[in-house]
Each structure stands twice: as C-alpha cells, then as structure tokens.
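Biologist: Let's look at how helices pack and where empty space is left. Please show me the model.

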Amino acid sequence: NFPWSVILCGMRDVRDYKLASGGSPPRIGSSSPFNIKVESPLLLDFSLDQVRELYGQHTAETGQPFTEEALVRAFELSAGQPWLVNAIAREIVDKMKVPTAEPITAAHVDQAKERLILARATHLDSLLARLREPRVRHVLEPLIAGDGTLGDDLDEDVAYTRDLGLLARKNPLRVANPIYREVIVRVLASAVEESVTDDPK
C-alpha cells in the first residue's frame, strides 16, 4: 500500500525549495532532491467558460444560481486564478452563507473579495511573503511606481515572478489580477498607513 505516485503542489519548483532551504547551486544537482521528479507543470488560469462550468456545479447540487454578472465579476477580479476562483465561491457559500433560495450576485462577489483581502487568507499571505524577495521586488516596484521599462537585465526575474503567479502571463507587463494588485499595494503601504495621523476626510 505504499504510494507509487505523489503530487507536490506549491508556488515553486522543488529545486527552488531546495535552494531556499539552504542548498547552494553547485550542490543542487538534479531538480529533485530525490532524483524522481518527472515534471513541474503549472496549473493555468481558468477561462470564463471554465469558471461558469465550475460554479455551475454548485448550482446543479443546490439549485442556487450565480447571476451572469456574478460570474463575470468573479472572473474579472480573479483573472481566472484557480485558488481565487474557488476562494471567492467558498467565501460566499460557506462563510457569508448566502441562503440557497437567493441568487448569488456581483455584490456578493465584491463583498467576498473584500473579506478575502482583509482576512489575508493563507494563499495571499504566501504570495505576499514573496514580496520580500529581491528578484520579485526588482520587478514589482517599478510596476507599482508606474515605470513600465524594467531593463533587459530583469528578464529572468520577470519569468520567475510570472511563475509565482504574481504577473499576468501575457504582455503588457502587469500584476496578474485586480485582487493581487490591491493586496500588494495595501501590504506595501500598511506601515505608512498605520503612521498617518491626519483625518482621512
């Protein structure tokens, strides 16, 4: 009964975890610490039709529909990022407990988005931990500052940041989705925000 196939799901290739845990590049050797890795596939973003199909499974099981506006809004906010697509629906159904007799609307989706950001869910915290990495900061800081020209020396850092899911896969260079964009700026500004003494009005 020993498992003969195992999937490790994370934000990095196994080789990157090995490097992060203290391995030096000359000693890393194989991309797998056990020399048994077959490949490191990426779970790509869902399309709007796939989001519609996924949320449709909830409707089929409970009879509770998602309005078309809710489906489009969930896709817009998440850009199809699989964890976010599922987290939005889970927040609405399990945490907000919208009654099954009531259709799920775009307003519910917006409320779920705000709750996820404020709760700093594990996935979002894991992404934000990457902001401390110099390779990621070199790419995101100019983007946030509005400087679209990063220079040729950052090609590998851009690829790495894309692999982490922080950047959109296709050009132009931009943060992967509106939720990440809001979370990143909120976190980077949090220390300053806490020290502001002026009345916001």
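Modeller: Start with a cut-off: contact means heavy atoms within 4.5 Å. Keep in mind that this is a predicted model.

Biologist: Which residues of α4 meet α6?

Modeller: On the α4 side they are Glu69, Ala70, Arg73, Ala74 and Leu77. Their partners in α6 are Ala106, Val109, Asp110 and Lys113. This contact divides into five nonpolar, no polar and four charged residues.

Biologist: Why are α4 and α6 called roughly parallel?

Modeller: Check the angle. The axes of α4 (residues 68-78) and α6 (residues 106-119) cross at roughly 30°. Angles under 35 degrees count as roughly parallel. The two helices are therefore roughly parallel to each other. Their axes come within 7 Å.

Biologist: Now the empty space. What makes a space a cavity and not a pocket?

Modeller: In a cavity, a 1.4 Å probe fits but cannot get out, whereas a pocket is open. The structure holds one cavity of 30 Å³ or more. About 50 Å³ of space lies in the largest cavity.

Biologist: Which helix gives the largest share of the lining of that cavity?

Modeller: Helix α8 (residues 134-145), with five residues. The lining includes Val136, Arg137, Leu140, Glu141 and Ile144. Leu131 and Leu188 also line the cavity. The lining divides into five nonpolar, no polar and two charged residues.

Biologist: How is the lining of the second largest pocket divided?

Modeller: Into five nonpolar, one polar and five charged residues. Asp, Glu, Lys and Arg count as charged. Among the lining residues are Asp45, Arg169, Lys170, Arg174 and Arg181. About 230 Å³ of space lies in this pocket.

How values were computed:
Residues are numbered from 1 along each chain as its sequence is written. This is a predicted model: local features need pLDDT of at least 70, side-chain atom pairs count only at pLDDT 80 or more; totals for chains, interfaces and linings use all residues. Side-chain values use heavy atoms; hydrogens and water are left out. Axes are lines fitted to C-alpha atoms, for helices over the stretch in contact, and angles run from 0 to 180 degrees between N-to-C directions. Helices (H or I, at least four residues) and strands (E, at least two) are DSSP runs, numbered from the N terminus. Angles under 35 degrees count as roughly parallel, over 145 as roughly antiparallel, 65 to 115 as roughly perpendicular and the rest as oblique. On a 1 Å grid over the protein atoms alone, a cavity is a set of points where a 1.4 Å probe fits but cannot get out, and a pocket is an open set with protein on both sides within 12 Å along at least five of seven lines; lining residues have an atom within 4 Å of a point. Grid points are joined across faces, edges and corners, and a volume is the space filled by probe spheres set on the points.
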